[in-house]
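Thank you for letting me take a few minutes of the meeting. Please have a look at the model on the screen, and then I will walk through it step by step.

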Amino acid sequence: MKSLELALKAGRLWQNPVTHFVHHSFDHPTMAESLIPIYENFCFALTLFRTKTADHVLEGKALLERLFAFQTEEGFPIYLHEYQVCNSRKHGER
């Protein structure tokens, strides 16, 4: 299996069918289903773009549009529930 297929499979595994965001947390495994990390969702959107199929590209575009709504002047929060607070400037740059 190629790395692109593995990345897409992993993203789908953690993707919530209601929100369509990837819900995952390495730091808080007990709360993983309720946390939405920005970085992992951007990576999943890029994976969708790399597949180069129309459905996946449109899904990735919609995901990016929703993620960019959470950008602040300092960057992005680590998790969506921390919106309006960017705890790490480096995280936004990453």
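Before counting anything, let me say what I am counting: a helix is a DSSP run of at least four residues in state H or I, a strand is a run of at least two residues in state E, and both are numbered from the N terminus. With that in mind, the protein chain has four helices and zero strands, so that, read from the N terminus on, its elements run α-α-α-α.

Please keep in mind that this is a predicted model. The mean pLDDT of the protein chain is 84, and 80% of its residues reach 70 or more. Among the elements, helix α3, residues 54-68, has the highest mean pLDDT, at 95, whereas helix α4, residues 89-93, has the lowest, at 54. Where pLDDT is low, the predicted coordinates should not be read in detail.

Let me turn to the chain as a whole. Of its 94 residues, 35% are buried, and the surface that the chain exposes comes to about 6400 Å², of which carbon and sulfur atoms supply 59%. If we take the contacts with a separation of 6 or more, 40% of them are between residues 24 or more positions apart.

What lies in the interior? The largest nonpolar core has 14 residues, and those touching the most other members are Phe 21, Ile 38, Phe 42, Phe 44, Leu 63, Leu 67 and Leu 80. Two elements, α2 and α3, give two or more residues to this core, and the largest share, five residues, comes from α2. As an example of how such a residue is surrounded, Leu 67 is in contact with Phe 21, Ile 38, Asn 41, Phe 42 and Phe 76, once its neighbours within four places in sequence are left aside.

Two of those names, Phe 42 and Phe 76, bring us to the aromatic rings. How many aromatic pairs does a search of the whole structure find? The search finds three. In one of them, Phe 42 and Phe 76 meet edge-to-face, with 5.2 Å from centre to centre and 75° between the planes. This pair links distant parts of the chain, since Phe 42 sits in helix α2, residues 38-51, while Phe 76 sits in the loop between α3 and α4, 34 residues apart. Another pair, formed by Phe 68 and Phe 76, is tilted, with 6.2 Å from centre to centre and 45° between the planes. Taken together, Phe 42, Phe 68 and Phe 76 form one aromatic cluster.

Within that cluster, which residues are buried and which are partly exposed? Phe 76 has a relative accessible area of 10% and therefore counts as buried, because the cut-off for buried is under 20%. Phe 68, with a relative accessible area of 45%, is partly exposed. Phe 42 is buried, as Phe 76 is.

Finally, I would like to show you a polar spot. His 56 is placed in helix α3, and its side chain makes a polar contact with the side chain of Thr 53 at 3.1 Å. Not counting residues up to four places away in sequence, His 56 touches Leu 8, Arg 12, Leu 48 and Thr 51. Thr 51, for its part, belongs to helix α2, and its side chain reaches the backbone oxygen of Leu 48 at 2.6 Å. With the same sequence neighbours left out, Thr 51 touches Leu 4, Leu 8 and His 56.

Definitions and conventions
Residues numbered from 1 in each chain as written. Heavy atoms only, no water. pLDDT = per-residue confidence, 0-100. Polar contact = N/O pair within 3.5 Å; in protein donor to acceptor, adjacent residues only side chain to side chain. Contact = heavy atoms within 4.5 Å. Phe/Tyr/Trp six-rings, centres within 6.5 Å; stacked < 30°, edge-to-face > 60°. Buried < 20%, exposed > 50% of the residue type's maximum accessible area, 1.4 Å probe, protein only. Areas by Shrake-Rupley, 256 points an atom, 1.4 Å probe, with all protein chains shown as cover. Core = buried A, V, L, I, M, F, W, Y, C linked by side-chain atoms within 4.5 Å.
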